[in-house]
Amino acid sequence: MTAAGEGSRSSRRSYYFYERTHPLVEKRIRMASAPEGQISGLLSEDLKFVIPYENDSVASLNLSPLGDHQAPNSQMIAEALSGERRATPHNAIETFIRQMAPRLVFSKEVWVELEYIYDNQFDDTTPRAFFIRMIPPGTVEVKRNGVPIQYVPSDRTPLTDKKGRSYVELERSNLFAFTLSDELSKSTKPVTDFLRISEREQEDAREMELLSQAASGDTTLDLSEHLKQKGDIVNRAMSPIGWDVRRLYSGNQLESFQSWRQLKFLRFKVTLRNRILADLNALINQAGQDFGFQANIELSGLPTVLEVDAAMSDFENGRKSASAVYQWAILGGTSWEDR
Amino acid sequence: MTVDDENIRLALDSREAVGYRYFWIGVADEVRGHKPDALSELINSIVGDRTAHLHSNVPRPVLQLMEQISAGISYETLVEGRRVTPQWWVDHLIAREFSKSLVSTINNFTKTVERELIDPIMGAQQEIASSLAQRIFGVIDLLDTVEYFSEVLNSALNSYAELKNLPTGDYGWPSRPEINEWVRSQHKRVSIRLSEVALDLPSTSHDVAKPDLFGRTYRFLFDATFDAISKNDPELSGHLFPTFMRMANLAALRLDEDLSSMDDRERSLLVIEPIIDTMELSGYALIFERLLGSGIWTLVTQTWDRTYIENANSPVSTYLLSVLRFASGNYTLTPGSVGRSQRRIDVSRIFRTIGIVNNYDGETEAILQHRDPILAAYAPGDLGGLDHEAMDLFVVEYLAPRFGLTIADLPWSARYLGESISRFSDEFTDEDDSGDDRE
């Protein structure tokens, strides 16, 4: 549960668990997670491209001491983000941002707990290290009295609410929530709502059954028409974020449309990345208050929203070709190819 | 073959290329309105309205692309609530398809014409000369039509290219066919072929019930030889000139027979025209060789030499001088004199383009730079055509030295030219002797 060794003490109160819990908690978890299903899985993977993989490292960490504290150690931040001793700062940062992107899109808010490790069992003033602990989506709730709690399996706690849900109380000052901006929420809500409904239908195997009947001639369902209509519906649903569903349903799409859509998705990813980065900086600096440092994480070599808008304008006005903007966007907007 | 059979055969031969001409005119008519603005409007009307193509004459591949784009834009409206494909992209793709379609039509057309019309003419061995000439004229008319309407087609291709999106580049765009270059090369092929059968054509008195293939061939070969001389194609002019010389003699005989009912003076004026033609072409052969640096003057003189050998018992030079005296002393407008005036104007234009002009102040740099007495004598003034006729040059530079004639023996027009050449020659020699430095 904690990273505290013998003779050390951890401040962590939250749990990461995989067991089934109370049905109402299960529902909360389901509503805050990526639904099971092919399309949701692909989208989760593609959202990790908020930082392209093909590139050299783009993240850098600048640390400076606060007051008369010692110079901070960047390795400590890398460990805090990744939980691994050998992680390099830029790898840890990039991996953290990549993993956060799909969670945030599907959960709207992702809670993390700052876990502090103390050498002395009784002295709370001088933490030795800290870790950033993800809390399973949908399990955190802030009660009316302002006390945050996490719903957990019953064997972890004696506390139970009126509906029979077991919970632990969390330390407010050690919690941090990654959230979506209003603009991002407006884009992602119809996408995640659609996927939750459509993936459930897939899960119920209704579509598979129909397709199987069509293949055996037991029904008049036109398979190609079905796939076309499905493609139209899925692509329309993904429109707010511009995701092209990996061109699985690209029947009537023109090359120009595909380029435009890639740019739109890139713009969404840049906006999402900026939001996660801003929150991550705030989180690291929250820990920095206790350790006496100030941190600033920067990403270089990646396009800004303005640059994506400029590329869109260039495309719309014929200053860039459809294939050039497609290549640029699919590579995360890192370099223009001569096309 | 009966007379009727022959007439039917000639009538059919004359129609052989007609279908191709109509086809080419039809292609030109289809793309005549393809200006960039009108094209964009057409594209929009068809892309925006899925039934509009029913009223348009758009090539099938273009139509298919338009339908595809139309479906794509409908899809965008369904998925995004609006069209996102920019107009330039649609214009680029459709203009490219139009271009591919037109280029493909042109290439297929030219290949087919070569295969179906020209190659058989080139390879025909046992053909009756009249029939072959008739077919060649059908092809020549077709080539004229192709060249005339190529401007319309090139204009359409330019319009398509104007809609090309430069950042997208040339990918998928066809290379432009050189229509006029193709016309020139085929014209050359059939001109040579026509010269090969020309002397087999009946040159007897003209029968008004039949096409005058001899007369037409004679006129065609004169124009083609002059064109080849003035456009520096010694291969072609060298091929045509000797045949033309032989034809001219036959033409003079036929004219004499055809015009036997006219009075002597009028008939003489017309009968000498073919002889004047040969002297005129010969003169131009020398002018253009001096002007362009290469030509067929040697071949011309050899051909004349052969004529004298073949007609050793005839006073050819006396006859030629008489013809020239008669022509230069006559101020009646004949079809021949009108043609010669036109050619003098055309050639003077070439002189001006090169920069050889005589402003009569004795300081004309272009004349001095060339330092060629003949070109200097022919250099046109600020207005009008050449000062001298080309046949006079033939007399001065070939006939007089060949037969040891003095300048006094020559007709006045040739004398005048000879004096002018001598004057420029002396001028240039004096300047060279005085070591005039013009650098």
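# A tour of chains A and B

Begin by selecting helix H10 of chain A, residues 322-330, where A:Ala322, A:Ala324, A:Val325, A:Tyr326, A:Trp328 and A:Ala329 are buried. Keep in mind throughout the tour that what you have open is a predicted model. If you now add helix H8 (255-291) and helix H9 (305-316) of chain A, together with H5 of chain B, you will have the elements against which the buried residues of H10(A) pack. After H10(A) comes A:Gly332, a residue whose phi is positive, near 80°.

**Where the chains meet**

Since H5 of chain B has already come into view, turn next to the contact between the chains, in which 16 residues of chain B touch 17 residues of chain A. Which elements give two or more residues to the side of chain B that touches chain A? They are helix H4 (60-80) and H5 of chain B, and the largest share, 8 residues, comes from H4(B). If you colour this side of chain B by residue class, you should find 10 nonpolar, 4 polar and 2 charged residues.

**Two helix pairs in chain B**

Stay with H5 of chain B, residues 87-123, and select helix H2 of chain B, residues 18-31, beside it: the two pack at an angle of about 170°, with their axes 12 Å apart. Because angles over 145 degrees count as roughly antiparallel, H2(B) is described as roughly antiparallel to H5(B). Show the side chains of B:Tyr20, B:Trp24, B:Val27 and B:Val31 in H2(B), which meet B:Leu102, B:Thr105, B:Phe109, B:Val113 and B:Leu117 in H5(B). The residues of this contact divide into 8 nonpolar, 1 polar and no charged. As you look along the side chains, it helps to remember that an α-helix has 3.6 residues a turn, so residues three or four places apart point the same way.

For another pair, select helix H9 (residues 234-258) and helix H11 (residues 273-292) of chain B, which pack at an angle of about 160° with their axes 8 Å apart. That angle makes H9(B) roughly antiparallel to H11(B). On the H9(B) side the contact is made by B:Phe241, B:Phe244, B:Met245, B:Ala248, B:Ala251 and B:Ala252, while H11(B) brings B:Pro274, B:Ile275, B:Asp277, B:Thr278 and B:Leu281. Sorted by class, the residues of this contact are 9 nonpolar, 1 polar and 1 charged.

**The domains of chain B**

Now step back and colour chain B by its domains, with domain 1 covering 3-198 and domain 2 covering 227-433. The centres of these domains, taken over C-alpha atoms, are separated by 43 Å, and 5 residues of domain 1 are in contact with 5 residues of domain 2. The domain 1 side of that contact has 2 nonpolar, 2 polar and 1 charged residues.

Next, find B:Asp430 in helix H18 of chain B, residues 412-433. Is B:Asp430 buried or exposed? With 10 other C-beta atoms within 10 Å, B:Asp430 is exposed. A distance drawn between the C-alpha atoms of B:Asp430 and B:Asp256 spans 50 Å, the two residues being 174 residues apart along the chain.

**A sheet in chain A**

Finish in chain A with an open sheet of 3 strands, which has the order E5-E6-E7 and antiparallel pairing. Strand E5 (140-142) and strand E7 (167-169) stand at the edges with a single partner strand each, so one side of each is left without a neighbour in the sheet. Strand E6, residues 148-151, pairs with E7(A) over 3 bridges, and among the residues to look for is A:Gln150, whose bridge partner in E7(A) is A:Val168.

Terms used. Residues numbered from 1 in each chain as written. Chains lettered and ligands numbered in written order. Predicted model: local features only at pLDDT ≥ 70, side-chain atom pairs only at ≥ 80, totals over all residues. Axes fitted to C-alpha atoms, helices over the stretch in contact; angles between N-to-C directions. Helix = DSSP H or I, 4+ residues; strand = E, 2+ residues; numbered from the N terminus. Parallel < 35°, antiparallel > 145°, perpendicular 65-115°, else oblique. Contact = placed C-beta atoms within 7 Å. Nonpolar A, V, L, I, M, F, W, Y, C, P; charged D, E, K, R; others polar. Buried ≥ 20, exposed ≤ 12 C-beta atoms within 10 Å, placed from the backbone. Domains from an automatic or database assignment. Pairing = 2+ DSSP bridges.
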